Amino acid sequence: MPGCRGAGPAPGAAEDGGGAAVPVPLPGSALPCPRGPAGAPRSGRGAGGALRLPERHGGGQEGEELFFSPPRGDRPQRGNTTQRLLRHERFEVNCVSFSCPYFFCSLPVYQVFESVAKKYDVMNDSMTLGIHRVWKDILVHKMNPSPGTLLLDVAGGTGDIAFRFINYVRAVRERQLQRKLKHHQNLSWQEIFENYQEDKSDSLGDSQVVVCDINREMLKVGKQKAQHLGYSKGLSWVLGNAEELPFDDDMFDVYTIAFGIRNVTRIDLALEEAYRVLKPGGRFLCLEFSHVSNPLLSRLYDLYSFQVIPVLGEVIAGDWKSYQYLVESIRRFPPQEELKAMIEDAGFFKVDYENLNFGIVAIHSGFKL
Amino acid sequence: MRRLLLRAVGAEEEVEEEEGWHQLYPSHIPTSPLQKALLAAGSAVMALYDPYRHDMVAVLGETTGCLALPNLRDKMKHHPEGYRILQERPCIRLSTLDMSRLRGLPDGSLGREYVRFLEDNKVSPDTRMPPKFVDDEELAYVIQRYREVHDLMHTLLGMPTNMLGEVVVKWFEAVQTGLPMCVLGAAFGPVRLSARKLQVLATELVPWAIRSGLNASCILNVYYEQRWEQPVESLREEIGIFPPPAVRM
(Lines give C-alpha, C1' and ligand atoms only; values in the text may rest on other atoms or scores of the structure.)
Protein backbone atom coordinates (compact mmCIF):
# COMPACT_ATOMS: atom_id res chain seq x y z
CA MET A 1 0.00 0.00 0.00
CA PRO A 2 1.72 3.23 -1.01
CA GLY A 3 2.30 5.56 1.86
CA CYS A 4 4.34 8.57 2.79
CA ARG A 5 7.84 7.84 3.91
CA GLY A 6 8.08 11.06 5.82
CA ALA A 7 6.42 14.42 6.23
CA GLY A 8 7.61 17.87 5.38
CA PRO A 9 7.75 20.28 8.31
CA ALA A 10 4.53 21.94 9.31
CA PRO A 11 4.69 25.71 9.10
CA GLY A 12 6.10 27.22 12.24
CA ALA A 13 7.32 23.88 13.50
CA ALA A 14 9.28 24.08 16.71
CA GLU A 15 13.01 24.05 16.36
CA ASP A 16 13.52 20.79 18.02
CA GLY A 17 16.63 19.02 17.04
CA GLY A 18 15.80 16.14 19.30
CA GLY A 19 14.33 14.04 16.54
CA ALA A 20 10.73 14.35 17.66
CA ALA A 21 8.54 12.07 15.68
CA VAL A 22 6.63 13.68 12.91
CA PRO A 23 3.41 11.84 12.28
CA VAL A 24 3.36 10.02 9.00
CA PRO A 25 0.22 11.07 7.20
CA LEU A 26 -2.01 8.48 5.62
CA PRO A 27 -2.24 8.71 1.87
CA GLY A 28 -4.68 11.33 0.83
CA SER A 29 -4.78 13.05 4.18
CA ALA A 30 -4.27 16.73 3.97
CA LEU A 31 -0.97 17.83 5.32
CA PRO A 32 -0.52 21.49 6.09
CA CYS A 33 1.53 22.73 3.22
CA PRO A 34 4.93 23.82 4.54
CA ARG A 35 4.89 26.49 1.96
CA GLY A 36 1.97 28.08 3.74
CA PRO A 37 -1.41 28.56 2.17
CA ALA A 38 -1.32 28.30 -1.58
CA GLY A 39 -0.14 31.52 -3.05
CA ALA A 40 1.55 32.81 0.08
CA PRO A 41 4.87 34.43 -0.66
CA ARG A 42 7.89 32.35 0.05
CA SER A 43 9.35 33.26 3.36
CA GLY A 44 12.78 31.85 2.67
CA ARG A 45 14.53 29.67 5.10
CA GLY A 46 13.14 31.08 8.31
CA ALA A 47 15.03 31.99 11.45
CA GLY A 48 18.74 31.95 10.92
CA GLY A 49 18.35 30.27 7.59
CA ALA A 50 19.03 26.87 9.06
CA LEU A 51 16.61 24.21 7.97
CA ARG A 52 14.24 23.36 10.75
CA LEU A 53 14.41 19.59 10.55
CA PRO A 54 16.19 17.28 12.92
CA GLU A 55 19.59 16.18 11.84
CA ARG A 56 19.87 12.79 10.24
CA HIS A 57 22.61 10.58 11.44
CA GLY A 58 24.41 8.43 9.04
CA GLY A 59 27.10 10.82 7.98
CA GLY A 60 28.60 11.30 4.59
CA GLN A 61 29.80 8.44 2.56
CA GLU A 62 32.78 8.27 0.29
CA GLY A 63 32.57 10.72 -2.53
CA GLU A 64 29.73 12.54 -0.85
CA GLU A 65 29.82 15.89 0.87
CA LEU A 66 27.14 17.16 3.14
CA PHE A 67 26.16 20.81 2.92
CA PHE A 68 24.27 23.01 5.29
CA SER A 69 22.74 26.30 4.46
CA PRO A 70 24.21 28.99 6.70
CA PRO A 71 22.11 31.85 8.07
CA ARG A 72 20.99 34.27 5.44
CA GLY A 73 23.36 37.02 6.40
CA ASP A 74 26.35 34.83 5.78
CA ARG A 75 26.65 34.04 2.12
CA PRO A 76 28.84 31.04 1.40
CA GLN A 77 32.08 31.83 -0.31
CA ARG A 78 32.40 30.48 -3.77
CA GLY A 79 34.46 27.37 -3.79
CA ASN A 80 34.33 26.97 -0.04
CA THR A 81 34.35 23.23 0.28
CA THR A 82 33.73 23.14 3.97
CA GLN A 83 30.04 23.75 3.56
CA ARG A 84 27.95 21.08 5.14
CA LEU A 85 24.29 20.40 4.62
CA LEU A 86 21.86 18.53 6.75
CA ARG A 87 20.54 15.58 4.83
CA HIS A 88 16.86 15.34 5.07
CA GLU A 89 15.05 12.11 4.54
CA ARG A 90 11.88 14.10 4.82
CA PHE A 91 12.27 15.08 1.23
CA GLU A 92 11.92 11.49 0.12
CA VAL A 93 8.30 11.71 -0.74
CA ASN A 94 6.73 14.96 -1.62
CA CYS A 95 3.90 14.89 0.86
CA VAL A 96 3.46 18.58 0.35
CA SER A 97 1.65 17.82 -2.81
CA PHE A 98 -1.18 16.02 -1.04
CA SER A 99 -2.55 19.35 -0.04
CA CYS A 100 -2.09 20.80 -3.49
CA PRO A 101 -4.64 20.12 -6.17
CA TYR A 102 -2.21 18.19 -8.37
CA PHE A 103 -1.47 15.45 -5.87
CA PHE A 104 -1.92 12.64 -8.34
CA CYS A 105 1.49 13.25 -9.86
CA SER A 106 3.88 12.79 -6.98
CA LEU A 107 3.29 9.43 -5.35
CA PRO A 108 3.08 7.32 -8.50
CA VAL A 109 6.17 9.15 -9.79
CA TYR A 110 8.23 8.15 -6.78
CA GLN A 111 7.28 4.51 -7.10
CA VAL A 112 7.86 4.55 -10.84
CA PHE A 113 11.45 5.63 -10.40
CA GLU A 114 11.99 3.33 -7.47
CA SER A 115 11.08 0.35 -9.56
CA VAL A 116 12.90 1.40 -12.72
CA ALA A 117 16.10 2.73 -11.11
CA LYS A 118 18.23 -0.29 -11.88
CA LYS A 119 17.08 -0.59 -15.44
CA TYR A 120 16.86 3.15 -16.05
CA ASP A 121 19.91 3.47 -18.24
CA VAL A 122 19.23 0.32 -20.24
CA MET A 123 15.68 1.46 -20.88
CA ASN A 124 16.82 4.93 -21.95
CA ASP A 125 19.15 3.41 -24.48
CA SER A 126 16.49 1.07 -25.83
CA MET A 127 13.69 3.58 -26.00
CA THR A 128 15.71 6.30 -27.67
CA LEU A 129 18.05 3.98 -29.54
CA GLY A 130 20.94 5.63 -27.78
CA ILE A 131 20.02 9.11 -28.99
CA HIS A 132 19.50 10.38 -25.46
CA ARG A 133 23.29 10.40 -25.13
CA VAL A 134 23.52 12.87 -27.98
CA TRP A 135 20.85 15.06 -26.42
CA LYS A 136 22.72 15.17 -23.14
CA ASP A 137 25.99 15.93 -24.92
CA ILE A 138 24.32 18.83 -26.69
CA LEU A 139 23.02 20.14 -23.38
CA VAL A 140 26.48 20.20 -21.83
CA HIS A 141 27.97 21.77 -24.95
CA LYS A 142 25.36 24.45 -24.83
CA MET A 143 26.20 25.00 -21.19
CA ASN A 144 29.87 25.37 -22.17
CA PRO A 145 31.08 25.35 -18.57
CA SER A 146 34.45 26.76 -17.71
CA PRO A 147 36.62 25.40 -14.89
CA GLY A 148 35.39 26.75 -11.58
CA THR A 149 31.71 26.41 -12.44
CA LEU A 150 29.41 25.17 -9.73
CA LEU A 151 26.63 23.08 -11.24
CA LEU A 152 23.45 21.87 -9.64
CA ASP A 153 21.91 18.98 -11.52
CA VAL A 154 18.40 18.42 -10.26
CA ALA A 155 16.61 15.13 -10.82
CA GLY A 156 20.03 14.01 -11.93
CA GLY A 157 19.60 10.53 -10.47
CA THR A 158 21.97 8.33 -12.35
CA GLY A 159 24.48 11.09 -13.02
CA ASP A 160 24.51 11.36 -16.80
CA ILE A 161 24.73 15.15 -16.89
CA ALA A 162 27.15 15.28 -13.97
CA PHE A 163 29.63 12.92 -15.61
CA ARG A 164 29.45 14.79 -18.90
CA PHE A 165 30.01 18.06 -17.07
CA ILE A 166 33.09 16.68 -15.37
CA ASN A 167 34.47 15.34 -18.65
CA TYR A 168 33.87 18.65 -20.38
CA VAL A 169 35.45 20.73 -17.65
CA ARG A 170 38.43 18.40 -17.48
CA ALA A 171 38.94 18.72 -21.23
CA VAL A 172 38.68 22.51 -21.08
CA ARG A 173 41.07 22.59 -18.17
CA GLU A 174 43.58 20.45 -19.99
CA ARG A 175 43.48 22.72 -22.99
CA GLN A 176 43.93 25.71 -20.69
CA LEU A 177 46.93 24.12 -19.06
CA GLN A 178 48.45 23.20 -22.38
CA ARG A 179 48.05 26.75 -23.62
CA LYS A 180 49.55 28.07 -20.42
CA LEU A 181 52.55 25.80 -20.67
CA LYS A 182 53.07 26.76 -24.29
CA HIS A 183 53.38 30.37 -23.26
CA HIS A 184 55.99 29.65 -20.68
CA GLN A 185 59.21 29.91 -22.59
CA ASN A 186 62.63 29.33 -21.12
CA LEU A 187 61.55 27.43 -18.07
CA SER A 188 63.92 25.03 -16.47
CA TRP A 189 62.93 21.38 -16.42
CA GLN A 190 62.38 21.63 -12.69
CA GLU A 191 59.96 24.53 -13.11
CA ILE A 192 58.05 22.80 -15.86
CA PHE A 193 57.81 19.67 -13.75
CA GLU A 194 56.51 21.59 -10.75
CA ASN A 195 54.05 23.52 -12.86
CA TYR A 196 52.72 20.37 -14.40
CA GLN A 197 52.42 18.59 -11.06
CA GLU A 198 50.53 21.33 -9.34
CA ASP A 199 48.07 21.71 -12.14
CA LYS A 200 47.61 17.98 -12.47
CA SER A 201 46.06 17.77 -9.06
CA ASP A 202 43.55 20.36 -10.04
CA SER A 203 42.14 18.73 -13.14
CA LEU A 204 38.73 20.15 -12.53
CA GLY A 205 39.87 23.66 -11.73
CA ASP A 206 37.67 23.92 -8.69
CA SER A 207 34.48 22.96 -10.55
CA GLN A 208 31.89 21.08 -8.66
CA VAL A 209 28.65 19.37 -9.46
CA VAL A 210 25.92 18.58 -6.98
CA VAL A 211 23.51 15.89 -8.10
CA CYS A 212 20.16 16.28 -6.41
CA ASP A 213 17.35 13.75 -6.71
CA ILE A 214 14.22 13.01 -4.75
CA ASN A 215 14.67 9.28 -5.16
CA ARG A 216 17.13 7.33 -3.06
CA GLU A 217 17.28 4.41 -5.46
CA MET A 218 18.26 6.58 -8.38
CA LEU A 219 21.01 8.22 -6.33
CA LYS A 220 22.26 4.81 -5.31
CA VAL A 221 22.53 3.74 -8.92
CA GLY A 222 24.26 7.02 -9.74
CA LYS A 223 26.84 6.59 -6.98
CA GLN A 224 27.58 3.06 -8.11
CA LYS A 225 28.05 4.28 -11.65
CA ALA A 226 30.38 7.01 -10.46
CA GLN A 227 32.47 4.51 -8.58
CA HIS A 228 32.51 2.15 -11.51
CA LEU A 229 33.54 4.86 -13.96
CA GLY A 230 36.05 6.41 -11.60
CA TYR A 231 34.41 9.76 -10.86
CA SER A 232 34.95 10.96 -7.35
CA LYS A 233 36.36 14.47 -7.21
CA GLY A 234 34.01 17.40 -7.40
CA LEU A 235 30.91 15.26 -7.23
CA SER A 236 28.26 15.28 -4.50
CA TRP A 237 24.99 13.44 -4.14
CA VAL A 238 22.14 15.04 -2.26
CA LEU A 239 18.66 13.77 -1.59
CA GLY A 240 16.24 16.60 -2.20
CA ASN A 241 13.02 17.82 -3.73
CA ALA A 242 13.07 20.13 -6.75
CA GLU A 243 10.13 22.05 -5.30
CA GLU A 244 11.99 22.76 -2.09
CA LEU A 245 15.73 22.53 -2.60
CA PRO A 246 17.94 22.06 0.45
CA PHE A 247 20.32 24.79 -0.62
CA ASP A 248 20.77 28.40 0.23
CA ASP A 249 20.06 31.30 -2.12
CA ASP A 250 22.49 32.39 -4.80
CA MET A 251 24.71 29.35 -4.64
CA PHE A 252 25.10 27.88 -8.10
CA ASP A 253 26.39 29.05 -11.44
CA VAL A 254 24.31 26.67 -13.51
CA TYR A 255 21.13 24.73 -12.76
CA THR A 256 20.20 21.86 -15.03
CA ILE A 257 17.26 19.54 -15.01
CA ALA A 258 17.36 16.86 -17.66
CA PHE A 259 14.22 14.80 -18.18
CA GLY A 260 13.16 15.58 -14.65
CA ILE A 261 10.94 18.63 -14.70
CA ARG A 262 8.20 16.61 -16.30
CA ASN A 263 7.89 14.60 -13.12
CA VAL A 264 7.60 17.54 -10.79
CA THR A 265 4.14 18.19 -9.45
CA ARG A 266 4.37 21.96 -9.35
CA ILE A 267 6.63 23.05 -12.17
CA ASP A 268 6.24 26.69 -11.16
CA LEU A 269 7.64 25.95 -7.71
CA ALA A 270 10.57 24.09 -9.17
CA LEU A 271 11.29 27.06 -11.44
CA GLU A 272 11.10 29.45 -8.51
CA GLU A 273 13.50 27.29 -6.56
CA ALA A 274 15.82 27.22 -9.54
CA TYR A 275 15.76 30.99 -9.62
CA ARG A 276 16.43 31.19 -5.93
CA VAL A 277 19.48 28.95 -5.77
CA LEU A 278 21.14 30.43 -8.85
CA LYS A 279 23.62 33.22 -8.50
CA PRO A 280 22.92 36.45 -10.32
CA GLY A 281 24.24 35.79 -13.78
CA GLY A 282 23.50 32.12 -13.33
CA ARG A 283 21.98 30.01 -16.08
CA PHE A 284 18.96 27.74 -16.03
CA LEU A 285 18.95 24.87 -18.49
CA CYS A 286 16.14 22.41 -18.95
CA LEU A 287 16.26 19.38 -21.25
CA GLU A 288 12.88 17.79 -21.65
CA PHE A 289 10.56 15.98 -23.99
CA SER A 290 8.37 18.45 -25.78
CA HIS A 291 5.86 18.75 -28.57
CA VAL A 292 6.32 17.78 -32.16
CA SER A 293 4.50 20.17 -34.42
CA ASN A 294 5.10 18.39 -37.72
CA PRO A 295 1.87 16.38 -38.17
CA LEU A 296 3.32 13.34 -39.90
CA LEU A 297 6.21 13.04 -37.53
CA SER A 298 3.84 13.60 -34.63
CA ARG A 299 1.74 10.63 -35.67
CA LEU A 300 4.77 8.39 -36.07
CA TYR A 301 6.07 9.57 -32.74
CA ASP A 302 2.74 8.83 -31.06
CA LEU A 303 2.62 5.42 -32.65
CA TYR A 304 6.10 4.62 -31.44
CA SER A 305 5.46 6.05 -27.97
CA PHE A 306 2.21 4.29 -27.27
CA GLN A 307 2.78 1.03 -29.08
CA VAL A 308 6.45 0.30 -28.64
CA ILE A 309 7.62 1.92 -25.45
CA PRO A 310 5.36 0.09 -22.98
CA VAL A 311 6.29 -3.15 -24.71
CA LEU A 312 9.97 -2.33 -24.25
CA GLY A 313 9.22 -1.56 -20.63
CA GLU A 314 7.59 -4.95 -20.15
CA VAL A 315 10.25 -6.93 -21.96
CA ILE A 316 13.34 -5.21 -20.60
CA ALA A 317 12.29 -3.96 -17.19
CA GLY A 318 9.25 -6.17 -16.55
CA ASP A 319 7.22 -3.04 -15.94
CA TRP A 320 4.56 -2.01 -18.44
CA LYS A 321 2.77 0.49 -16.26
CA SER A 322 5.76 2.72 -15.47
CA TYR A 323 6.51 3.21 -19.13
CA GLN A 324 2.87 3.75 -19.97
CA TYR A 325 3.01 6.48 -17.33
CA LEU A 326 6.15 7.88 -18.93
CA VAL A 327 4.55 8.22 -22.33
CA GLU A 328 1.42 9.81 -20.90
CA SER A 329 3.41 12.25 -18.79
CA ILE A 330 5.25 13.40 -21.90
CA ARG A 331 1.94 14.20 -23.61
CA ARG A 332 0.74 16.02 -20.53
CA PHE A 333 3.74 18.29 -20.31
CA PRO A 334 3.39 21.91 -21.49
CA PRO A 335 4.69 22.62 -25.00
CA GLN A 336 7.71 24.76 -25.75
CA GLU A 337 6.11 28.21 -25.71
CA GLU A 338 4.13 27.51 -22.58
CA LEU A 339 7.19 26.30 -20.72
CA LYS A 340 9.06 29.36 -21.94
CA ALA A 341 6.35 31.56 -20.45
CA MET A 342 6.50 29.68 -17.15
CA ILE A 343 10.26 30.14 -17.00
CA GLU A 344 9.84 33.85 -17.67
CA ASP A 345 7.22 34.02 -14.91
CA ALA A 346 9.76 32.65 -12.46
CA GLY A 347 11.94 35.68 -13.14
CA PHE A 348 14.39 34.47 -15.73
CA PHE A 349 15.51 36.66 -18.57
CA LYS A 350 16.53 35.95 -22.12
CA VAL A 351 14.53 32.76 -22.08
CA ASP A 352 14.88 30.73 -25.21
CA TYR A 353 14.45 27.20 -26.42
CA GLU A 354 16.07 24.98 -28.97
CA ASN A 355 14.24 22.04 -30.52
CA LEU A 356 16.13 18.84 -31.00
CA ASN A 357 14.84 16.21 -33.39
CA PHE A 358 11.89 18.30 -34.55
CA GLY A 359 10.64 18.95 -31.05
CA ILE A 360 10.79 15.48 -29.61
CA VAL A 361 13.15 17.10 -27.14
CA ALA A 362 13.72 20.76 -26.34
CA ILE A 363 16.38 22.63 -24.37
CA HIS A 364 15.07 25.70 -22.59
CA SER A 365 17.54 28.24 -21.29
CA GLY A 366 17.17 31.31 -19.10
CA PHE A 367 19.36 33.65 -17.07
CA LYS A 368 19.02 35.14 -13.63
CA LEU A 369 20.11 38.73 -13.81
CA MET B 1 -6.36 15.14 -20.00
CA ARG B 2 -9.45 14.36 -17.97
CA ARG B 3 -8.98 10.73 -18.84
CA LEU B 4 -5.45 10.82 -17.46
CA LEU B 5 -6.56 12.62 -14.32
CA LEU B 6 -9.31 10.09 -13.74
CA ARG B 7 -7.05 7.15 -14.35
CA ALA B 8 -4.44 8.56 -12.05
CA VAL B 9 -6.88 9.01 -9.20
CA GLY B 10 -8.10 5.47 -9.65
CA ALA B 11 -11.48 6.17 -11.20
CA GLU B 12 -11.03 3.31 -13.61
CA GLU B 13 -14.71 2.70 -14.19
CA GLU B 14 -15.27 6.22 -15.39
CA VAL B 15 -12.36 5.92 -17.76
CA GLU B 16 -13.78 2.73 -19.19
CA GLU B 17 -17.17 4.25 -19.80
CA GLU B 18 -15.65 7.25 -21.39
CA GLU B 19 -13.55 5.56 -23.99
CA GLY B 20 -14.62 1.95 -24.11
CA TRP B 21 -11.26 0.89 -22.72
CA HIS B 22 -12.05 -2.31 -20.96
CA GLN B 23 -10.11 -3.70 -18.12
CA LEU B 24 -11.70 -7.10 -17.80
CA TYR B 25 -9.97 -8.31 -14.67
CA PRO B 26 -7.73 -6.67 -12.08
CA SER B 27 -4.40 -7.45 -13.70
CA HIS B 28 -5.60 -6.89 -17.25
CA ILE B 29 -3.65 -4.53 -19.53
CA PRO B 30 -5.51 -4.07 -22.83
CA THR B 31 -3.20 -4.21 -25.80
CA SER B 32 -3.49 -3.59 -29.52
CA PRO B 33 -2.64 -6.35 -32.02
CA LEU B 34 0.62 -4.58 -32.83
CA GLN B 35 1.57 -4.48 -29.18
CA LYS B 36 0.76 -8.17 -28.81
CA ALA B 37 2.94 -9.01 -31.77
CA LEU B 38 5.81 -6.95 -30.40
CA LEU B 39 5.35 -8.49 -26.97
CA ALA B 40 5.37 -11.98 -28.39
CA ALA B 41 8.57 -11.36 -30.32
CA GLY B 42 10.26 -9.48 -27.50
CA SER B 43 9.34 -11.96 -24.80
CA ALA B 44 10.48 -14.90 -26.93
CA VAL B 45 13.89 -13.32 -27.42
CA MET B 46 14.21 -12.29 -23.79
CA ALA B 47 13.11 -15.70 -22.50
CA LEU B 48 15.81 -17.36 -24.59
CA TYR B 49 18.41 -14.81 -23.61
CA ASP B 50 17.65 -15.01 -19.91
CA PRO B 51 15.82 -18.21 -18.91
CA TYR B 52 15.31 -16.87 -15.41
CA ARG B 53 12.84 -14.32 -16.74
CA HIS B 54 9.80 -16.40 -15.96
CA ASP B 55 7.62 -13.37 -16.52
CA MET B 56 8.71 -13.38 -20.16
CA VAL B 57 7.70 -17.01 -20.56
CA ALA B 58 4.33 -16.11 -19.08
CA VAL B 59 3.90 -13.13 -21.42
CA LEU B 60 4.83 -15.31 -24.39
CA GLY B 61 2.19 -17.80 -23.38
CA GLU B 62 -0.46 -15.12 -23.12
CA THR B 63 0.30 -13.37 -26.36
CA THR B 64 0.54 -16.51 -28.47
CA GLY B 65 -2.25 -18.52 -26.91
CA CYS B 66 -5.13 -17.04 -28.88
CA LEU B 67 -5.92 -20.32 -30.61
CA ALA B 68 -4.93 -22.84 -27.99
CA LEU B 69 -6.67 -21.18 -25.05
CA PRO B 70 -10.20 -21.27 -26.51
CA ASN B 71 -9.53 -24.92 -27.37
CA LEU B 72 -8.60 -25.66 -23.80
CA ARG B 73 -11.60 -23.76 -22.50
CA ASP B 74 -13.90 -25.77 -24.70
CA LYS B 75 -12.33 -29.01 -23.57
CA MET B 76 -13.05 -27.94 -20.02
CA LYS B 77 -16.59 -26.90 -20.80
CA HIS B 78 -17.45 -30.27 -22.29
CA HIS B 79 -16.19 -32.27 -19.34
CA PRO B 80 -18.22 -32.42 -16.12
CA GLU B 81 -15.28 -31.84 -13.77
CA GLY B 82 -13.75 -29.20 -16.05
CA TYR B 83 -17.07 -27.42 -16.28
CA ARG B 84 -17.28 -27.30 -12.50
CA ILE B 85 -13.79 -25.82 -12.32
CA LEU B 86 -14.79 -23.12 -14.80
CA GLN B 87 -17.82 -22.30 -12.72
CA GLU B 88 -16.21 -22.37 -9.30
CA ARG B 89 -12.86 -20.85 -10.34
CA PRO B 90 -10.70 -22.42 -7.61
CA CYS B 91 -7.23 -20.96 -7.04
CA ILE B 92 -4.20 -22.76 -5.69
CA ARG B 93 -2.64 -20.30 -3.31
CA LEU B 94 -0.90 -20.57 0.03
CA SER B 95 -3.86 -18.76 1.50
CA THR B 96 -6.36 -21.32 0.17
CA LEU B 97 -4.28 -24.39 0.91
CA ASP B 98 -4.27 -25.94 4.35
CA MET B 99 -0.56 -26.76 4.39
CA SER B 100 -0.56 -28.48 7.76
CA ARG B 101 -3.41 -30.77 6.74
CA LEU B 102 -1.69 -31.65 3.49
CA ARG B 103 1.53 -32.37 5.31
CA GLY B 104 -0.36 -34.71 7.59
CA LEU B 105 -1.67 -36.82 4.73
CA PRO B 106 -0.14 -40.26 4.12
CA ASP B 107 2.97 -40.54 1.95
CA GLY B 108 2.15 -41.15 -1.65
CA SER B 109 -1.01 -39.12 -1.59
CA LEU B 110 -1.28 -36.16 -3.94
CA GLY B 111 -1.41 -33.59 -1.15
CA ARG B 112 1.62 -34.96 0.69
CA GLU B 113 3.72 -35.32 -2.44
CA TYR B 114 2.75 -31.84 -3.62
CA VAL B 115 3.85 -30.26 -0.36
CA ARG B 116 7.05 -32.30 -0.48
CA PHE B 117 7.68 -31.06 -4.00
CA LEU B 118 7.14 -27.42 -2.92
CA GLU B 119 9.51 -27.79 0.02
CA ASP B 120 12.22 -29.75 -1.79
CA ASN B 121 12.38 -27.31 -4.66
CA LYS B 122 11.75 -24.28 -2.48
CA VAL B 123 8.92 -22.98 -4.63
CA SER B 124 5.60 -21.50 -3.73
CA PRO B 125 2.28 -21.45 -5.56
CA ASP B 126 2.10 -17.72 -4.98
CA THR B 127 4.89 -16.80 -7.34
CA ARG B 128 2.84 -17.36 -10.45
CA MET B 129 2.27 -14.21 -12.47
CA PRO B 130 -1.35 -13.17 -12.94
CA PRO B 131 -2.42 -12.97 -16.58
CA LYS B 132 -2.09 -9.50 -18.10
CA PHE B 133 -2.49 -9.60 -21.85
CA VAL B 134 -5.36 -12.04 -22.38
CA ASP B 135 -8.36 -10.14 -23.65
CA ASP B 136 -11.02 -12.49 -22.39
CA GLU B 137 -11.77 -12.92 -18.76
CA GLU B 138 -12.58 -16.62 -18.92
CA LEU B 139 -9.50 -17.38 -20.99
CA ALA B 140 -7.47 -15.41 -18.48
CA TYR B 141 -8.71 -17.82 -15.82
CA VAL B 142 -7.87 -20.80 -18.02
CA ILE B 143 -4.27 -19.70 -18.41
CA GLN B 144 -4.03 -18.90 -14.75
CA ARG B 145 -5.32 -22.38 -13.93
CA TYR B 146 -2.79 -23.85 -16.33
CA ARG B 147 -0.01 -22.04 -14.48
CA GLU B 148 -1.22 -23.21 -11.10
CA VAL B 149 -1.56 -26.79 -12.31
CA HIS B 150 2.03 -26.69 -13.63
CA ASP B 151 3.46 -27.44 -10.21
CA LEU B 152 1.07 -30.35 -9.84
CA MET B 153 2.33 -31.60 -13.17
CA HIS B 154 5.82 -31.67 -11.72
CA THR B 155 4.46 -33.78 -8.89
CA LEU B 156 2.49 -36.15 -11.10
CA LEU B 157 5.32 -36.57 -13.55
CA GLY B 158 7.91 -36.78 -10.80
CA MET B 159 10.09 -34.12 -12.38
CA PRO B 160 12.24 -31.65 -10.37
CA THR B 161 12.44 -27.93 -11.20
CA ASN B 162 15.88 -28.00 -12.79
CA MET B 163 16.25 -27.25 -16.49
CA LEU B 164 15.90 -30.90 -17.49
CA GLY B 165 12.76 -31.42 -15.44
CA GLU B 166 11.21 -28.26 -16.78
CA VAL B 167 11.87 -29.27 -20.37
CA VAL B 168 10.25 -32.65 -19.82
CA VAL B 169 7.18 -31.04 -18.29
CA LYS B 170 7.08 -28.63 -21.23
CA TRP B 171 7.06 -31.50 -23.68
CA PHE B 172 4.17 -33.09 -21.82
CA GLU B 173 2.28 -29.80 -21.66
CA ALA B 174 2.96 -29.05 -25.33
CA VAL B 175 1.26 -32.27 -26.32
CA GLN B 176 -1.54 -31.77 -23.83
CA THR B 177 -2.39 -28.12 -24.32
CA GLY B 178 -0.98 -27.16 -27.71
CA LEU B 179 0.10 -23.81 -26.29
CA PRO B 180 2.77 -22.33 -28.58
CA MET B 181 4.74 -21.23 -25.53
CA CYS B 182 5.02 -24.87 -24.42
CA VAL B 183 6.02 -25.96 -27.89
CA LEU B 184 8.70 -23.28 -28.08
CA GLY B 185 9.91 -24.04 -24.59
CA ALA B 186 10.08 -27.74 -25.39
CA ALA B 187 11.97 -27.09 -28.62
CA PHE B 188 14.41 -24.44 -27.38
CA GLY B 189 14.78 -25.39 -23.73
CA PRO B 190 17.23 -28.21 -24.45
CA VAL B 191 19.81 -25.86 -25.99
CA ARG B 192 21.09 -25.10 -22.54
CA LEU B 193 21.50 -28.69 -21.44
CA SER B 194 24.68 -30.72 -21.27
CA ALA B 195 25.30 -33.60 -23.68
CA ARG B 196 24.63 -36.28 -21.11
CA LYS B 197 21.33 -34.76 -20.11
CA LEU B 198 20.38 -34.28 -23.75
CA GLN B 199 20.95 -37.94 -24.32
CA VAL B 200 18.76 -38.97 -21.41
CA LEU B 201 16.19 -36.48 -22.58
CA ALA B 202 16.09 -37.71 -26.14
CA THR B 203 16.20 -41.42 -25.48
CA GLU B 204 13.99 -41.84 -22.45
CA LEU B 205 12.27 -38.78 -21.12
CA VAL B 206 10.80 -37.13 -24.19
CA PRO B 207 9.32 -40.32 -25.70
CA TRP B 208 7.73 -41.06 -22.35
CA ALA B 209 6.43 -37.52 -22.00
CA ILE B 210 4.92 -37.58 -25.47
CA ARG B 211 3.33 -40.99 -24.97
CA SER B 212 1.89 -39.91 -21.65
CA GLY B 213 0.71 -36.61 -23.05
CA LEU B 214 -1.12 -38.27 -25.89
CA ASN B 215 -2.60 -40.94 -23.70
CA ALA B 216 -3.69 -38.75 -20.84
CA SER B 217 -6.98 -36.93 -20.63
CA CYS B 218 -6.92 -33.15 -20.34
CA ILE B 219 -4.99 -32.23 -17.19
CA LEU B 220 -7.09 -29.14 -16.67
CA ASN B 221 -10.16 -31.27 -16.23
CA VAL B 222 -9.10 -32.57 -12.86
CA TYR B 223 -10.32 -30.84 -9.73
CA TYR B 224 -7.05 -31.28 -7.83
CA GLU B 225 -8.23 -29.48 -4.76
CA GLN B 226 -10.75 -32.22 -4.15
CA ARG B 227 -8.27 -35.01 -4.63
CA TRP B 228 -5.52 -34.30 -2.13
CA GLU B 229 -6.09 -37.62 -0.38
CA GLN B 230 -5.95 -39.64 -3.58
CA PRO B 231 -2.68 -41.58 -4.03
CA VAL B 232 -0.49 -40.20 -6.81
CA GLU B 233 -0.29 -43.62 -8.50
CA SER B 234 -4.04 -43.91 -8.66
CA LEU B 235 -4.41 -40.39 -10.02
CA ARG B 236 -1.76 -41.07 -12.65
CA GLU B 237 -3.63 -44.14 -13.78
CA GLU B 238 -6.90 -42.30 -13.85
CA ILE B 239 -5.54 -39.48 -15.97
CA GLY B 240 -3.49 -41.80 -18.14
CA ILE B 241 0.07 -40.78 -17.32
CA PHE B 242 2.55 -43.64 -17.60
CA PRO B 243 4.92 -44.24 -14.68
CA PRO B 244 8.05 -42.06 -15.06
CA PRO B 245 11.25 -43.77 -16.18
CA ALA B 246 13.82 -44.35 -13.48
CA VAL B 247 16.57 -41.97 -14.53
CA ARG B 248 18.87 -39.76 -12.51
CA MET B 249 17.80 -36.14 -12.94
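**Helix α10(B) and the sheet of chain A**

Trainee: Which residues of α10(B) are buried?

Mentor: In this predicted model, buried means under 20% relative accessible area (exposed over 50%, partly exposed in between; 1.4 Å probe, protein chains only). Helices (H or I, at least four residues) and strands (E, at least two) are DSSP runs numbered from the N terminus. In α10(B), the buried residues are Leu164(B), Gly165(B), Val167(B), Val168(B), Val169(B), Lys170(B), Phe172(B), Glu173(B), Ala174(B), Gln176(B) and Thr177(B).

Trainee: Against which helices of chain B do the buried residues of α10(B) pack?

Mentor: Residues are numbered from 1 along each chain as written, with chains lettered from A and ligands numbered from 1 in written order. Local features need pLDDT (the predictor's confidence per residue, 0 to 100) of at least 70, side-chain atom pairs 80 or more, while totals for chains, interfaces and linings use all residues; side-chain values use heavy atoms, without hydrogens and water. α10(B) is mostly covered, 11 of its 15 residues being buried. By contact (heavy atoms within 4.5 Å), its buried residues pack against α5, α9, α11 and α12.

Trainee: How far does α10(B) reach from its first C-alpha to its last?

Mentor: The expected span is 1.5 Å times one less than the number of residues. For the 15 residues of α10(B) this gives 21 Å, and the model comes close, at 20 Å.

Trainee: Which strands of chain A stand at the edges of the sheet?

Mentor: The open, mixed sheet of 7 strands in chain A runs β3-β2-β1-β4-β5-β7-β6, where pairing requires at least two DSSP bridges. Two strands have a single partner each, so one side of each lacks a neighbour in the sheet: β3(A) and β6(A).
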